[in-house]
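Please open the model in your viewer and keep the selection tool at hand, since the tour below moves from one selection to the next.

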Amino acid sequence: PAKTINRKVSALGNYFRWLTNEEKVLGQNPAAGIRAHRVTAPLPDLLYEKECDELLRANSTDPRTYLLVLLLLETGMKMAELLQLDVANFDFSDRYQPVLLIKHSGKEVYKDRRLKLPVQVVPVFDDYVQRYKVTGPLFPYTERFLSSLLTDAGKRAKLSKKVTASMLRDLFVVRGVKQI
């Protein structure tokens, strides 16, 4: 693949540049004329609205998977942010305008934000918290486990595409652009 070749070309270029400029072992850089080919990343594989509806419908019986899919579809958050969520991050004081507070720490505190959630999140959230007896971290699981839940959710919906957190994040962005 082109990306693999580019990584090797870059590594060789850096090595010979170091030998030439820093260590002064070589008089000239033998890799100076080698250029990596420009690689265009493939477009993301997205779900159509009909497939999103089927994904939600097929997973509506399990509140954990349903909440996971719903949050990723409706917020566009990253898997890392999802893993940091706590029950206390949800504000349901106005059940008709639920809010999710995404908090970061350290240098990333500027990424903190408040997200409006759809009203249908409230009963799913309540069912999930009650059924799985969740009190602290919303998803006290590994990233790998949540990824397998998403893959299984796609299979349960009989989708030909592999459902991933990044796919649902990309879909959130595309949906947002379509509304503008």
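In this predicted model, begin by selecting helix α2, residues 49-58, together with α3, whose axes come within 9 Å of each other and cross at roughly 150°. Because angles over 145 degrees count as roughly antiparallel, α2 is roughly antiparallel to α3, and the crossing of the two is left-handed. Now show the side chains at this contact, which is made by C52, L55 and L56 on α2 and by Y66, V69, L70 and L73 on α3; by class these residues divide into seven nonpolar, no polar and no charged.

Keep helix α3, residues 63-75, on screen and add helix α5, residues 121-131: the axes of this pair come within 9 Å and cross at roughly 140°, which makes α3 oblique to α5. The crossing of α3 and α5 is left-handed. To display the contact, select P63, R64, Y66, L67 and L70 of α3 along with V121, V124, F125, D127, Y128 and R131 of α5. Which classes of residue does the contact of α3 with α5 have? There are eight nonpolar, no polar and three charged residues. Y66 and L70 of α3 are worth highlighting, as they belong to the contact with α2 and also to the contact with α5.

For the last stop, clear the selection and choose N6, V9, S10, L12, G13, R17, N29, A31, A32, I34, R35 and A36, the residues that line the largest pocket. This pocket has a volume of about 190 Å³, and colouring its lining by class will separate six nonpolar, four polar and two charged residues.

Methods
Residues numbered from 1 in each chain as written. Predicted model: local features only at pLDDT ≥ 70, side-chain atom pairs only at ≥ 80, totals over all residues. Heavy atoms only, no water. Axes fitted to C-alpha atoms, helices over the stretch in contact; angles between N-to-C directions. Helix = DSSP H or I, 4+ residues; strand = E, 2+ residues; numbered from the N terminus. Parallel < 35°, antiparallel > 145°, perpendicular 65-115°, else oblique. Left-handed = near helix turned anticlockwise from the far one by under 90°. Contact = heavy atoms within 4.5 Å. Nonpolar A, V, L, I, M, F, W, Y, C, P; charged D, E, K, R; others polar. 1 Å grid on protein atoms, 1.4 Å probe; cavity = no way out; pocket = protein on both sides within 12 Å on 5 of 7 lines; lining within 4 Å. Points joined across faces, edges and corners; volume = space filled by probe spheres on them.
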